[in-house]
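Student: I have a model open and would like to understand the labels attached to its contacts. Could we go through some of them together?

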Amino acid sequence: MSTLVKGGRVVTADDDRLADVLVEGDVVVEVAHEIDAAADRVIDATGMYVLPGGVDPHTHMEMPFGGTTTCDDFTSGTVAAAFGGTTTIIDFCIQQRGQSFADALATWHEKLTRCPPLVDVGFHLAVTDFEGGGGADALRELPAHGVSSIKLFMAYKDALMVDDRTLFRTMQVAAQTGALVMVHAENGDVIDVLIGEALAAGNTDPVWHGRTRPVETEAEATQRAIHLARVAGCRLYVVHVSCAPALEAVARARAAGWDVRGETCTHYLFVDDTALAKPDFEGAKYVYTPPPRRPEDQEALWEGLADATLSVVSSDHCAFRWADQKAIGRDDFSKIPNGAPTIEHRLHMLHHHGVRGGRFAMSRLVELFSTEPARLFGLHPRKGTIAVGSDADLVVFDPEREQTIAAARHHSRVDYNVFEGSTVRGAPVLVMARGQVVVEGDQLVGSPRGEFLSRAGSHAAHV
Ligand SMILES: [Zn+2]
């Protein structure tokens, strides 16, 4: 099967030109100004952007958390991803305490086999129990399992949180194997105290989710992780940076030449802390961690995206239905399952507000949305660009197509959308995953043939 995408404006992280793209089977075989080859299908992309498919390195499909499980599995979640132009996800395999690292990965592979994905999927491993998982020796085996990034939670006390000893020992192994260490940076001990005080005082509404997680608790943990990574000699990737003080810690490290990267997520740019105070428990829709922040933090994040203090915008897609899952915490904000479901609208929102809004160029959007996550997680140039030999993951994007975002029309199984009612100009009209057209207009036309992405260690530490 061959496909010729004709006449589009091909935008990659370092190129922006009119070109045709010829696809044979799963891969791109030619990119040139005028291609006259015969093809089984010709797609007219006149007036459209042709972009590399998005790489979303932060998702939580079918993840057990807080006594329930996220409502998108690998099938439904990747369908929603594809409608938003994302053709690769990297999901967090969560180790249960006492479970070996190998068994944790087997559990996640079972989810992937049972619910086959529409697009390709890689795994990070979230270490919650260093010794129980098999210790340093077992952690050194991860690259052989195709996993080259390790996540640690510095928050969620008595659940996912690790102590500094585990954090540091994992970092030491990563320094040896070249794995990328990812941290959820919040001071979980201090937050646990603040939550206890709030509940003791009878404060149970969702707004207290934000009030018990002040920006300083994120900034302190970010700074701590950065310094511990420096001692261990590993590369560090701080997930979901949400506020100016944490961003400043990342900026200082980068200015000093340390190998530290920061990610933010779409919702931090558009939802502020007033959302948590919405009446009638509607604030629970915005209970995710870190919480929505102040408008001045949002402005700092936009600047960080433009000046490359931040490297990636992910979704942190973590879908819990409002009606019956968020409702678990109706009388106690600390029991509301944390997460926001935003996998489908990363590109729409970044294009409309980032590119149209004059914050950055289209090529920078591609870098944040696709190229840089592919590079950092060992997938480039197979993913993250449009080049000869790359996977034919393509998004034909109409910069004029208007859409009003609504839960009634999105493809996640979740029953609300944090961007409900936002009208954006610019949307995908056709999405191709490894050569197969999977989305056309509003129709799902592809079948699940996503594969597990075995990722070798990416570039070694140069700290
Ligand atoms: Zn997450």
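Tutor: Happily; we will take the ring pairs, then the charges over rings, then the metal site, bearing in mind that this is a predicted model.

Student: How many aromatic pairs are there by the ring-centre rule?

Tutor: The count comes to eleven. In one of them, Phe123 and Phe452 lie 4.9 Å centre to centre with 55° between the planes.

Student: Why is the pair of Phe123 and Phe452 called tilted?

Tutor: The centres must lie within 6.5 Å, and 4.9 Å satisfies that. Stacked needs planes under 30 degrees apart and edge-to-face needs over 60, so 55° leaves tilted.

Student: What makes this a link between distant parts of the chain?

Tutor: Phe123 belongs to strand β10, while Phe452 is in the segment after β19, and the two are 329 residues apart.

Student: Which of the words buried, partly exposed or exposed fits Phe123, and which fits Phe452?

Tutor: Buried means under 20% relative accessible area, so Phe123 at 0% is buried. Phe452 has 25%, between the 20% and 50% limits, and therefore counts as partly exposed.

Student: How do you know what to call the pair of Tyr237 and Phe377?

Tutor: Their planes meet at 70°, over the 60 degree limit, and their centres are 5.0 Å apart, within 6.5 Å, so the pair is edge-to-face. This pair also links distant parts of the chain: Tyr237 is in strand β13 and Phe377 in the loop between α13 and β16, 140 residues apart. With relative accessible areas of 0% for Tyr237 and 1% for Phe377, both fall under 20% and so are buried.

Student: Which residues do ring pairs link into a cluster?

Tutor: Phe65, Phe153, Tyr156 and Phe320.

Student: What makes Lys151 a charge over the ring of Phe92?

Tutor: The charged end of Lys151 is 3.9 Å from the ring centre, within the 6 Å allowed. Lys285 also meets that limit, lying over the face of Trp322 at 4.8 Å from the ring centre.

Student: How do you know which residues are protein donors of the zinc ion?

Tutor: A donor atom must be within 2.8 Å of zinc, and His58 (NE2), His60 (NE2) and Asp316 (OD) lie 2.0 to 2.2 Å from the ion, so they qualify. Their spacing in sequence is H-x1-H-x255-D. His60, in the loop between β6 and β7, and Asp316, in the loop between β15 and α12, are 256 residues apart.

Student: Why are His60 and Asp316 called buried?

Tutor: His60 has a relative accessible area of 5% and Asp316 has 9%; both values are under 20%, so both residues are buried.

Conventions: Residues numbered from 1 in each chain as written. Predicted model: local features only at pLDDT ≥ 70, side-chain atom pairs only at ≥ 80, totals over all residues. Heavy atoms only, no water. Phe/Tyr/Trp six-rings, centres within 6.5 Å; stacked < 30°, edge-to-face > 60°. Helix = DSSP H or I, 4+ residues; strand = E, 2+ residues; numbered from the N terminus. Buried < 20%, exposed > 50% of the residue type's maximum accessible area, 1.4 Å probe, protein only. Lys NZ or Arg CZ within 6 Å of the ring centre and 35° of its normal. Donors = N, O, S within 2.8 Å, 3.2 Å for Na, K, Ca; no water.
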